[in-house]
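Please find below a colleague's note on the two-chain model. The points are numbered so that each can be taken up separately.

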Amino acid sequence: MAESDLARRASTVLPPGTPAPDFALSSTPDQQLRLTDFRGRPVILVFYPADWSPVCGDQVALYNEILPEFREYGAEILGISVDSVWCHAAFARDRNLHFPLLSDFEPKGAVSRLYGAYRERDGFSERALFVLDKDGMIRWSYLSPVDVNPGADGILNALDSLAGKSAPAKSESSRADGAELRP
Amino acid sequence: MSEGRLTPPVSAVDHAAGPDNAPVTLVEYGDYECPHCGLAHPIVKATQQALGSQLRFVFRNFPLAEAHPHARLAAQAAEAAAAQGKFWEMHDMVFEHQDALEIEDLLGYAKSLGLDVAQIARDLEAGTYAKRVRDDFRNGVRSGVNGTPTFFVNGVRYEGSWANKESFMHALREAAGQAGRGTRPTAGANG
């Protein structure tokens with residue numbers, strides 16, 4: 001993928017300092033989750049292209065394993081892709097996942113679009129990460145090349161900043177981080 | 001995502017094979033039940049053989065236990081063997097028997113290696129090395145490890161292919177050459 005192509009798209013994910021757009025999406029065939037339900041806690045939003053694809057598999061397996069660390073920050077993690085609730089259910093069962101996968105299914109990709117994390121050409125979500133503070137403000141965002149598992153170090157650093165454990169991530173100072181791309 | 005720097009650097013608490021002042025330190029974050037790590041195991045062995053005293057190899061635990069239910073116990077068994085001076089023997093044994101990692105299998109390996117089996121059983125039962133294994137995992141996450149195996153060469157994440165033995169060895173020899181041409185390598189300097 002051309003560097004310039006990536007750079008152009010990078011500017012589309014919502015940057016730090018932006019209020020996170022609210023949404024309600026299905027997590028199971030009979031349950032919807034609304035973003036504002038999580039006010040009062042940091043929220044990690046993980047947009048990813050598809051259940052079952054190998055890189056996603058590794059990425060969700062990693063986050064699944066790091067849940068105890070995320071919980072130390074009181075943070076919730078939500079996965080979002082355009083897969084249906086039934087697909088999510090099968091994937092979560094197969095991988096023994098312990099966090100919700102939300103279905104951005106109808107209208108397809110609507111929430112991903114709100115966050116600037118939708119690939120029009122491909123018809124699925126970008127591989128993009130957002131860390132929201134307890135008031136629903138985006139404090140860190142990152143767009144990964146679609147075939148690269150971005151790991152969790154950026155998420156944990158952002159949560160550290162929110163918890164005041166290191167240099168504060170005020171929206172201004174972290175904007176550069178959020179926009180920064182590392183191949 | 002990550003800057004790809006190994007944190008913390010290699011130190012005396014690590015399991016290391018090869019001289020401390022070797023020009024190349026190869027660190028693997030691995031999972032004993034991960035099939036890719038199983039494939040990487042003989043390749044790492046081959047690089048150790050080929051590079052000899054040029055290479056120091058360090059193994060750190062990165063069990064993805066939700067996906068690999070035996071990985072954590074196997075890692076603890078290797079740590080318990082380390083306490084009896086036989087980390088690498090158990091490490092090899094486990095990687096060579098990835099399909100048999102129940103507790104009785106692990107104790108069987110301990111027995112065949114001449115370890116104090118009752119002690120290993122107590123260590124596994126009590127989770128004596130659970131924290132050590134988890135600490136490795138947490139440090140790995142902070143270093144940008146996103147799956148297994150992940151390798152670091154002289155403290156920098158290795159992005160190339162390990163599955164191709166020749167190109168992997170070439171990268172390690174290059175690193176050895178660079179270390180040789182640069183400042184004189186000292187123990188831990190490349191961490």
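1. A:Glu120 and A:Arg113 form a salt bridge, with 2.9 Å between the closest N and O atoms. The model is a predicted one, and this distance, like the others below, is to be read in that light. A:Glu120 has 54% relative accessibility, which places this residue among the exposed ones because the cut-off for that class is over 50%. Its partner A:Arg113 is partly exposed, at 39%.

2. A second pair in chain A is A:Asp122 with A:Arg119, where the closest N and O atoms lie 2.6 Å apart. The acidic partner, A:Asp122, is partly exposed at 37% relative accessibility. A:Arg119, at 9%, counts as buried, since the class takes residues under 20%. The bridge therefore joins a buried residue to a partly exposed one.

3. A:Asp94 and A:Arg95 also meet through their side chains in a salt bridge, at 2.9 Å from N to O. For A:Arg95 the relative accessibility is 27%, so this residue is classed as partly exposed. Over all chains the structure holds 19 salt bridges. As a general matter, side chains of opposite charge can pair when their charged atoms come close.

4. How many salt bridges does the rule find across the interface of chain A and chain B? The count there is five. One of them links B:Arg138 to A:Glu69, with the closest N and O atoms 2.9 Å apart. Both of these residues belong to a network in which salt bridges share partners; A:Glu72 and B:Arg134 are the other members. Beside the salt bridges, the interface has 13 residue pairs in polar contact, both residues of each pair being at pLDDT 80 or more.

5. Which elements of chain A give two or more residues to the side that touches chain B? They are α2 (54–72), β9 (138–144) and α5 (153–162). The largest share comes from α2(A), with nine residues. By residue class, this side of chain A divides into 10 nonpolar, seven polar and eight charged residues.

6. As to extent, the contact draws 25 residues from chain A and 17 residues from chain B. The area buried between the two chains is about 1800 Å². Carbon and sulfur atoms give 48% of that area.

7. Helix α5(A), one of the elements named in point 5, deserves a separate entry. Eight of its 10 residues are buried, so the helix is largely enclosed by the rest of the structure. The buried set is A:Asp153, A:Gly154, A:Ile155, A:Leu156, A:Ala158, A:Leu159, A:Asp160 and A:Ser161. After the helix comes A:Gly164, with a positive phi near 75°.

8. Chain B has seven helices and five strands. Read from the N terminus, its elements follow the order β-β-α-β-α-α-α-α-α-β-β-α. Of the 191 residues in this chain, 51% are buried. Among the contacts in chain B with a separation of 6 or more, 78% are between residues 24 or more positions apart. The chain exposes about 8400 Å², and carbon and sulfur atoms supply 51% of that.

9. Is B:His15 buried or exposed? At 12% relative accessibility B:His15 counts as buried, because the cut-off is 20%. This histidine sits in strand β1 (residues 15–17) of chain B. Its side chain makes a polar contact of 2.8 Å with that of B:Glu79 and another of 3.4 Å with that of B:Arg132. Leaving aside neighbours within four places in sequence, the residues in contact with B:His15 include B:Phe57, B:Val58, B:Phe59, B:Ala82, B:Phe87 and B:Trp88.

10. B:His91 lies in helix α3 (residues 87–96) of chain B. With 2% relative accessibility, B:His91 counts as buried. Apart from neighbours within four places in sequence, B:His91 is in contact with B:Tyr32, B:His41, B:Phe57 and B:Phe59. B:Phe57 and B:Phe59 are thus on the contact list of B:His91, and B:His15 touches them as well.

Definitions and conventions:
Residues numbered from 1 in each chain as written. Chains lettered and ligands numbered in written order. Predicted model: local features only at pLDDT ≥ 70, side-chain atom pairs only at ≥ 80, totals over all residues. Heavy atoms only, no water. Contact = heavy atoms within 4.5 Å. Buried area = accessible area lost by both parts, 1.4 Å probe. Salt bridge = Lys/Arg side-chain N within 4 Å of Asp/Glu carboxyl O. Polar contact = N/O pair within 3.5 Å; in protein donor to acceptor, adjacent residues only side chain to side chain. Helix = DSSP H or I, 4+ residues; strand = E, 2+ residues; numbered from the N terminus. Nonpolar A, V, L, I, M, F, W, Y, C, P; charged D, E, K, R; others polar. Buried < 20%, exposed > 50% of the residue type's maximum accessible area, 1.4 Å probe, protein only. Areas by Shrake-Rupley, 256 points an atom, 1.4 Å probe, with all protein chains shown as cover.
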